[in-house]
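Reader: I am in my first year and still learning how to read a model like this one. Could you take one part of the surface, go through it slowly, and then set it within the whole chain?

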Amino acid sequence: MADDKTVIADPGASIFNPPKKSPACFVQYSGTNLGKRYVLDQKEMVVGRSPNVQIVINEQSVSRNHAQCTAVGDSISIADLGSSNGTYVNDEKISTAYSLRDGDIIRLGNIVFKFFAQGNVENVFHDKIYRMATIDGGTQTFNKKYLIEALESEFKFSRTYSRPLSLIYFDLDFFKKVNDTYGHNVGDFILKEAANLVKSIIRKDDIFCRFGGEEFVILLPATDAKTAYELAERIRTTCESHSFETEGHAIKQTISLGVSQLNPSMSSPKDLLEDADKKLYQSKTNGRNQVTI
């Protein structure tokens with residue numbers, strides 16, 4: 001007879017047992033970034049539409065400096081900063097600082113958040129679910145869906161505040177040959193390694209996405225074409241000089257890049273993306289391993 005004894009599970013291996021000090025956070029329940037988690041890890045954090053606040057919400061119903069969160073010990077309070085549409089907690093408009101409780105629903109304009117206190121296990125769930133919906137598993141960069149949403153949001157933001165917006169579109173040169181010669185395991189390694197190199201160079205506010213196959217896009221808020229070109233050139237030279245070593249192979253892999261800045265003739269986010277794609281094509285037709293602006 002087979003042994004049918006119950007196996008005792010190790011609770012330490014479960015996501016039901018998160019770190020005791022997992023930080024408090026907001027999770028967005030409406031709007032473009034549905035499901036996004038905002039960690040409340042500073043003593044004072046302003047939420048608003050301004051690019052200079054700690055938690056930026058690119059939605060017209062949110063004021064530039066809408067509300068402020070303040071941490072005192074393990075407690076978090078929220079106060080309205082004279083916003084146009086008010087700050088609501090559990091459907092009650094607040095006029096003074098309000099001490100948040102685990103599970104409170106916060107509304108700023110049309111944007112709804114849920115507050116998760118420090119150590120709440122659902123905090124871990126939301127982070128995992130959000131990552132599954134927005135992150136490319138092979139490279140741990142954002143996926144195409146996230147890029148399209150972020151591009152729409154940044155396009156509106158740039159138009160409203162006359163803030164520059166640039167984009168780098170690149171792909172790996174002769175990548176099909178790599179897969180055909182060394183196999184897909186090596187190809188997957190090179191994709192991931194190249195993505196890691198790029199992550200080590202870009203800035204924290206840049207949005208790095210795998211657009212498909214060996215194609216990648218970097219969205220650069222508050223960045224002009226000159227700065228974007230300089231960043232693209234740094235990425236190109238870093239990849240060119242790197243040796244991709246795996247399974248006994250040392251492989252050289254170059255990339256081709258196109259750079260575009262939003263200009264008045266572009267009427268939609270798609271126009272910016274397509275212009276960068278055309279510049280990438282020029283880099284490829286002119287010999288590859290170069291940046292076209």
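Author: A residue is called buried when its relative accessible area is under 20%, exposed when that area is over 50%, and partly exposed in between. Thr-160 has a relative accessible area of 41%, and therefore counts as partly exposed. In this model, which is predicted, Thr-160 has its place in helix α2, made of residues 144-161. From Thr-160 to Tyr-281 the sequence runs over a separation of 121 residues, while in space their C-alpha atoms lie 30 Å apart.

Leu-34 makes a useful second case, since its relative accessibility is 55% and it therefore counts as exposed. Leu-34 sits in a loop, with β1 (25-28) on one side and β2 (37-39) on the other. Together with Tyr-29 and Ile-105, Leu-34 forms a nonpolar patch on the surface, and the accessible area of these residues together is about 260 Å².

Now to the whole chain. The protein contains six helices and 18 strands, and its C-alpha trace spans about 75 × 60 × 30 Å along the principal axes. It has 293 residues, of which 45% count as buried, and its accessible surface comes to about 15300 Å², with 50% of that belonging to carbon and sulfur atoms. When contacts between residues at least 6 apart in sequence are considered, 55% of them join residues at least 24 apart. As for charge, the protein carries 35 positive and 37 negative charges, and the mean positions of the two groups are 3 Å apart.

How values were computed
Residues are numbered from 1 along each chain as its sequence is written. This is a predicted model: local features need pLDDT of at least 70, side-chain atom pairs count only at pLDDT 80 or more; totals for chains, interfaces and linings use all residues. Side-chain values use heavy atoms; hydrogens and water are left out. Helices (H or I, at least four residues) and strands (E, at least two) are DSSP runs, numbered from the N terminus. Buried means under 20% relative accessible area, exposed over 50%, partly exposed in between (1.4 Å probe, protein chains only). Contact means heavy atoms within 4.5 Å. Accessible areas come from the Shrake-Rupley method with a 1.4 Å probe; for residues, only the protein chains shown count as cover. Lys and Arg count as positive and Asp and Glu as negative; His and the chain ends are not counted. The place of a charge is taken as NZ of Lys, CZ of Arg, CG of Asp or CD of Glu. Patches are made of residues with over 30% relative accessible area and no salt bridge: like charges are joined within 9 Å, nonpolar side chains (Val, Leu, Ile, Met, Phe, Trp, Tyr) within 5 Å. A salt bridge is a side-chain nitrogen of Lys or Arg within 4 Å of a carboxyl oxygen of Asp or Glu.
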